Amino acid sequence: MARRAGQQPTGTMSVRKATIADVAQLAGVSTATAGRVLGGYGYSSEDKKARVLRAAEALGYQPNHLARSLITGRTRTIGVVTAGIQRQLYGAIIRGIADTAEREGFGVLIANSDEAPDEEMRAIRNLTARQVDGLIVAPCGDSSDAHLRRLDGQLPVVLLDREVAGLDVDSVAIDNVGAARDCVARLIAAGHEAIGLALDLPRTEARSAADFVTRPRSRALATDSMLHPGWQRFHGYLLAHEDAGLPVDLSLLAQVADRRAEAAERAALELLQAPRRPTALVAGSARMTRGIMSALLKTGHRIPDDLSFVGFDDLDWMSFVSPGYDAVAQPRRRMGETAAKMLIDRISGLAEAPRHLRLSPRQTTRGSVRAIAAGG
């Protein structure tokens with residue numbers, strides 16, 4: 001038998017979602033009042049609010065966020081662009097963002113740039129096409145991000161972990177210069193003078209370490225906040241040497257832009273085989289830590305008997321080996337929570353000058369640094 005138009009197929013059940021009109025009827029209020037209560041705008045008496053909310057719960061009412069966004073112009077959604085979603089660093093940051101957003105009634109959409117400017121641009125286009133109310137971005141570069149500067153004034157943006165030259169918006173990061181300075185100073189105080197540094201730098205950077213060292217220090221201090229964290233950590237390395245009156249030996253620096261794991265390992269092997277053998281190594285990123293660990297396994301070096309070690313960041317496994325590994329521990333979850341709160345403030349109408357927050361990392365000591373005689 002042919003079905004009439006609109007008739008459900010035999011054996012199926014149509015489940016109609018509760019509407020605002022249904023809630024209003026059960027609560028004994030107007031549809032407009034129910035809409036104000038459920039949408040969180042306008043005024044309604046406490047009695048009517050309670051009746052509407054009880055009716056909504058009884059009917060299993062689910063708000064239509066798309067319809068609401070057409071009225072309010074907001075989707076209650078924020079977008080996040082990370083530089084490497086698979087990294088432990090960003091896992092904790094995203095948890096902080098998500099928890100804060102959920103508490104404030106926001107959803108989160110996440111995209112990954114993998115440190116590639118083209119991927120970053122594509123991710124931002126996709127998120128803005130979905131009408132996110134604001135963006136949290138960990139940018140790839142420091143001065144070539146015209147696509148980010150074009151967002152200024154269009155929607156709120158918070159920069160995470162890094163900043164962009166010419167884009168004065170809210171940002172949250174750690175004090176990379178101070179953290180590296182303290183880390184290297186501790187190694188120098190333990191008698192180390194040949195301190196190797198393995199830096200993970202983006203492929204968009206054209207600077208060389210030698211150029212950085214020869215820059216006037218006053219200009220460096222004025223501009224380093226706009227650089228990639230790797231350069232900021234190198235700046236801290238330089239300052240610690242200057243504080244101690246030690247010359248900087250560029251043969252003890254490994255500067256790596258290639259993102260493949262073997263590139264980090266190769267850089268570490270070069271440091272271990274340098275004419276002036278380092279007595280301590282500092283890994284400027286989690287990826288460089290993995291490369292150094294792989295190189296040490298191949299060469300048979302033991303920590304701390306043969307070589308002292310400190311890493312950025314504090315990775316989960318570092319406390320499970322014996323001896324444990326020292327690290328500069330970034331407050332990752334707090335970075336995410338802070339970035340989300342800053343963005344939601346802007347979405348809610350905060351109009352004050354851009355805020356640039358620098359969180360202090362923690363120097364974690366577990367036994368991977370050995371004191372040696374000066375000059376040893």
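**Salt bridges and burial in a predicted model**

Biologist: In this predicted model, which residue meets the side chain of arginine 51 in a salt bridge, at 2.8 Å from N to O?

Modeller: Arginine 51 lies in helix α3, residues 46–59, and its partner lies in that helix too, four residues apart, about one turn of the helix. The side chain that meets arginine 51 in the salt bridge belongs to aspartate 47.

Biologist: Is aspartate 99 buried or exposed?

Modeller: Aspartate 99 forms a salt bridge with arginine 95 (2.9 Å, N to O), and both residues lie in helix α5. Arginine 95 is partly exposed, at 47% relative accessibility. Buried means under 20% relative accessible area. Aspartate 99 has 15% relative accessibility, so it counts as buried.

Biologist: How many residues apart are aspartate 170 and arginine 355?

Modeller: Aspartate 170 and arginine 355 form a salt bridge, with their closest N and O atoms 2.9 Å apart. This pair links distant parts of the chain: aspartate 170 is in strand β5, whereas arginine 355 is in the loop between α14 and β11. Along the chain, the two are 185 residues apart.

Biologist: Which residues are linked with Asp170 and Arg355 in a network of salt bridges?

Modeller: Aspartate 170 is buried, at 3% relative accessible area, and arginine 355 is buried as well, at 17%. The other members of their network are Lys341, Asp345 and Arg346.

Biologist: How many disulfides does a search of the whole structure find?

Modeller: A disulfide is a covalent bond between the sulfur atoms of two cysteines. Cysteine 140 is buried, at 1% relative accessible area, and cysteine 183 is buried at 1%. The number of disulfides found in the whole structure is zero.

Key
Residues are numbered from 1 along each chain as its sequence is written. This is a predicted model: local features need pLDDT of at least 70, side-chain atom pairs count only at pLDDT 80 or more; totals for chains, interfaces and linings use all residues. Side-chain values use heavy atoms; hydrogens and water are left out. A disulfide is a pair of cysteine sulfur atoms within 2.5 Å. Buried means under 20% relative accessible area, exposed over 50%, partly exposed in between (1.4 Å probe, protein chains only). A salt bridge is a side-chain nitrogen of Lys or Arg within 4 Å of a carboxyl oxygen of Asp or Glu.
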